[in-house]
Amino acid sequence: MPCTASARVVVHSAGTAVAGQIDPDVRAVIAELGVDPDAQFSRPITDEVLRAADVIVTMGHSVGVIDMPPEVRHEDWRVGDPIGAPLAEIRRVRADIDHRVRGLLTELGVPPADDEGAADTPRQRDLPTGQR
């Protein structure tokens, strides 16, 4: 999400089944934030990616599919699947993720970027997250 993570947090999107395209309605809702959906992409989940993360957030689709390293904090956020959903539901999922990201940042002691004046810091903005 834009203006959410400070420069102290790096976010990567990854998945067990990386899609070649973003759902058109999801693309539109992402674009509403001023984020270029074409600049965002998911990477395949590898053991190396998992071990390098401090926190991994899954969204229900990866549960039981991947083995989380025991030393990495893992959270599963059941936020709903926006693929094929009406725009209002996609926006609800987006708001839910934003709320959870802000809560996680607070819990980690990292102020959201808009709280520390770093709103223009470039960063990848999609979840699930592997934060370093």
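The mean pLDDT of this predicted model is 77, and 74% of the residues of the protein reach 70 or more. Confidence varies along the chain: among the elements of the protein, helix H3 has the highest mean pLDDT, at 94, whereas strand E5 (residues 130–131) has the lowest, at 38. Over residues 116–132 the pLDDT stays under 50, although the model has 62 contacts beyond four places in sequence for this stretch.

**Overall architecture**

The protein has four helices and five strands, and from the N terminus on these elements follow one another in the order β-α-β-α-β-β-α-α-β. Of its 132 residues, 39% count as buried. The protein exposes about 7,400 Å², and carbon and sulfur atoms supply 54% of that area. If one takes the contacts between residues at least 6 apart in sequence, 67% of them join residues at least 24 apart.

**Strand E3 and its partner**

Strand E3 covers residues 55–58 and is joined by four bridges to strand E4 (residues 73–76), the two strands running parallel. Within this pairing, Ile56 stands opposite His74 in E4. In a regular strand the side chains alternate between the two faces of the sheet. In E3, Val55 and Val57 point one way while Ile56 and Thr58 point the other way, and all of these residues are buried.

How is Thr58 placed with respect to solvent, buried or exposed? Thr58 has a relative accessible area of 3%, and it counts as buried because this value is under the 20% cut-off. The side chain of Thr58 is joined to the side chain of His74 by a polar contact of 2.8 Å. His74 therefore appears twice in this description, opposite Ile56 in the strand pairing and as the polar partner of Thr58.

**Nonpolar cores**

In soluble globular proteins, nonpolar side chains tend to be buried together. The largest nonpolar core here has 13 residues, and those with the most contacts inside it are Trp77, Val79 and Ile97. The elements that give two or more residues to this core are E3 and helix H3 (87–107), with H3 giving the most, namely five residues. Apart from this core lies another, of five residues, among them Leu50, Ala53, Ile66 and Val72.

Val79 offers a closer view of the largest core, being one of the residues with the most contacts inside it. Leaving aside its neighbours within four places in sequence, Val79 is in contact with Met59, Arg92, Val93, Asp96, Ile97 and Arg100.

**Pro86, Arg91 and Asp25**

Two residues, Pro86 in the loop between E4 and H3 and Arg91 in helix H3, can each be related to Asp25 through C-alpha distances, as the table sets out.

| Pair | Separation in sequence | C-alpha to C-alpha distance |
|---|---|---|
| Pro86 and Asp25 | 61 residues | 7.9 Å |
| Arg91 and Asp25 | 66 residues | 9.9 Å |

With a relative accessible area of 57%, Pro86 is classed as exposed because the value is over 50%. Arg91, at 32% relative accessibility, counts as partly exposed, because this value falls between the 20% and 50% limits. Which residues does Arg91 contact, leaving aside its neighbours within four places in sequence? The residues in contact with Arg91 on that basis are Val29 and Glu32.

Conventions
Residues are numbered from 1 along each chain as its sequence is written. This is a predicted model: local features need pLDDT of at least 70, side-chain atom pairs count only at pLDDT 80 or more; totals for chains, interfaces and linings use all residues. Side-chain values use heavy atoms; hydrogens and water are left out. Buried means under 20% relative accessible area, exposed over 50%, partly exposed in between (1.4 Å probe, protein chains only). Contact means heavy atoms within 4.5 Å. Accessible areas come from the Shrake-Rupley method with a 1.4 Å probe; for residues, only the protein chains shown count as cover. A polar contact is a pair of N or O atoms within 3.5 Å; within protein, one must be able to donate a hydrogen and the other to accept it, and residues adjacent in sequence count only if both atoms are side-chain atoms. A nonpolar core is a set of buried Ala, Val, Leu, Ile, Met, Phe, Trp, Tyr and Cys residues joined through side-chain atoms within 4.5 Å. pLDDT is the predictor's confidence in each residue, from 0 to 100.
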